[in-house]
Amino acid sequence: MPGSREMSTNALSFRNVSAGYRNRPVLRGVGFEIGEGEFVSVIGPNGSGKSTMLKTATGLIRPDEGRVELFGRDVASLKPRERASLIGVVPQKLDSPMAFTVSEIVMFGLGSTGRPWGMHGSKELDSVERAMIYTNVLDLKDRMFNELSAGEQQRAALAMALVQEPRIIMLDESIAHLDINHSQEVLRILMNINRERRITVLLVSHDLNLAAQIADRLLLMENGRLVMNGSPGEVMQEELLSSVYGCELRVRRDPFGGHPVVTGALDTALRRPALRKRLHVIGGGGSGIELFRRLSIEGFEVSAGVLNQLDSDAEAARALDIPCALEQPFSAIGNEAFEEARLMVSEADGVVVSAVPFGSGNVVNLELAADALRAGKPVWMASGIAARDYTVDKAATLAAERLRNDGAVEWSGIHELMTRLERDIKNRQ
Ligand code: ADP
Ligand code: MG
């Protein structure tokens, strides 16, 4: 809601925000408020819009609708310097293109004070040192950033974000995660920052249990919408989470802390035993994310492609360690990638075609399904291809018709697909 009610007490507010990328709306009608000093964690499945929310909060993406306020001021109206002094951002992964030492990297955090390199005063150098002490990287100050472990790198990135003494820290936790000790250490540092220095924290987390353990409040995202905003106890509900994550989850109380703990399919270690059945998924544009997760959970080995690099399916596949035939970003599928995918199909027990839109660039992927049928392997194809066919000559629709004639089975929801897989392949030896 627009209006000036209690603006000054909020560190961050989203007022009915819709935002996304060119031609790709992601966030839809998102509204919430974060009070100064709160520790809030954003959770939700891959592709649900967590990172997009963070980019919108930092002003990197402008809302198409609605308004984002930082400490009562419209983010869009803040000058870069003001923004940098209010927000400390810890990116998903900090890539250092050149060889810099840790203290140099941390000093980059001073960037917006407008001084040229090497001209920092002693007050600034003090704050660099303080940030490094706080994040426990002072011992590493002369080491090369690129040569540090992931956990050390994240601590250095945190120090860089802290140098400006921001009023809110925003972090996007990497998917390629840290091992448990490292993430615990980073979280401990964040808790100290939050409790001792009253810096507001907004943490995007893929780890429900850590989020529930540490945050005052959780924001649960699904498909670009904020579906739940509440205390860990309110958000960590079996039914809600199982539905949002598309798999069966259990919630119980931690015997020591009393906080809710999720167990179940999210954890790789708890996946069903391997079936030694391999499925190749033809997807793209986010249509495969749910499938990858679900099939892996069900114990299938999964391969995917051809996908374009940077496609959200390609990223999801990478996060789940799913082998993937990849083409350059935004390029039509070429021979090499196609042959790689063909090899994957030849090693698979069947092919699943997701509800991916087809254009001239990727319609060739349907030939992979035809290959599979010729080899006597089952193909499960998402129905309604005609509505997703953007080829000029309706090539995808025609190819789908041929696939149907040759025995491809159609499915229209993930539940239906799972039932069919169960029947057609899982129990077949
Ligand atoms: P999450 O962080 O929850 O995994 P994201 O916010 O990264 O989700 O992505 C939400 C949706 O926006 C996904 O469908 C993703 O493919 C899409 N998306 C992310 N970044 C871009 C981008 N730079 N351009 C276009 N679409 C994007
Ligand atoms: Mg993300």
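**Notes on the predicted model and its ligand site**

1. A word on confidence to begin with: this is a predicted model, and the chain has a mean pLDDT of 85, with 88% of its residues at 70 or more. Among the elements of the chain, strand β10 (residues 225-230) has the highest mean pLDDT, 97, while helix α6 (residues 180-197) has the lowest, 77.

2. Two stretches deserve some care when you look at them. Residues 1-8 have pLDDT below 50, and beyond near neighbours in sequence this stretch makes 10 contacts in the model. Residues 267-272 are also below 50, with nine contacts beyond near neighbours in sequence. Where pLDDT is low, the predicted coordinates should not be read in detail.

3. Now to the ligand. Which residues surround ligand 1? They are Tyr 21, Arg 24, Val 26, Pro 45, Asn 46, Gly 47, Ser 48, Gly 49, Lys 50, Ser 51, Thr 52 and Ser 312. By character, the shell divides into seven polar, three nonpolar and two charged residues.

4. The polar contacts are worth a look in your viewer. An oxygen atom of ligand 1 lies 2.5 Å from an N or O atom in the Thr 52 side chain, and an oxygen atom of the ligand is 2.9 Å from an N or O atom in the Lys 50 side chain. At Gly 49 the partner is a polar backbone atom, 3.0 Å from a ligand oxygen. The protein covers 70% of the 560 Å² of accessible area that ligand 1 has on its own.

5. As for secondary structure, β2 (24-35) and α1 (50-57) are the elements giving two or more residues to the shell around ligand 1. Helix α1 provides the largest share, three residues.

Methods:
Residues numbered from 1 in each chain as written. Chains lettered and ligands numbered in written order. Predicted model: local features only at pLDDT ≥ 70, side-chain atom pairs only at ≥ 80, totals over all residues. Heavy atoms only, no water. pLDDT = per-residue confidence, 0-100. Helix = DSSP H or I, 4+ residues; strand = E, 2+ residues; numbered from the N terminus. Contact = heavy atoms within 4.5 Å. Near = heavy atom within 4 Å. Polar contact = N/O pair within 3.5 Å; in protein donor to acceptor, adjacent residues only side chain to side chain. Areas by Shrake-Rupley, 256 points an atom, 1.4 Å probe, with all protein chains shown as cover. Nonpolar A, V, L, I, M, F, W, Y, C, P; charged D, E, K, R; others polar.
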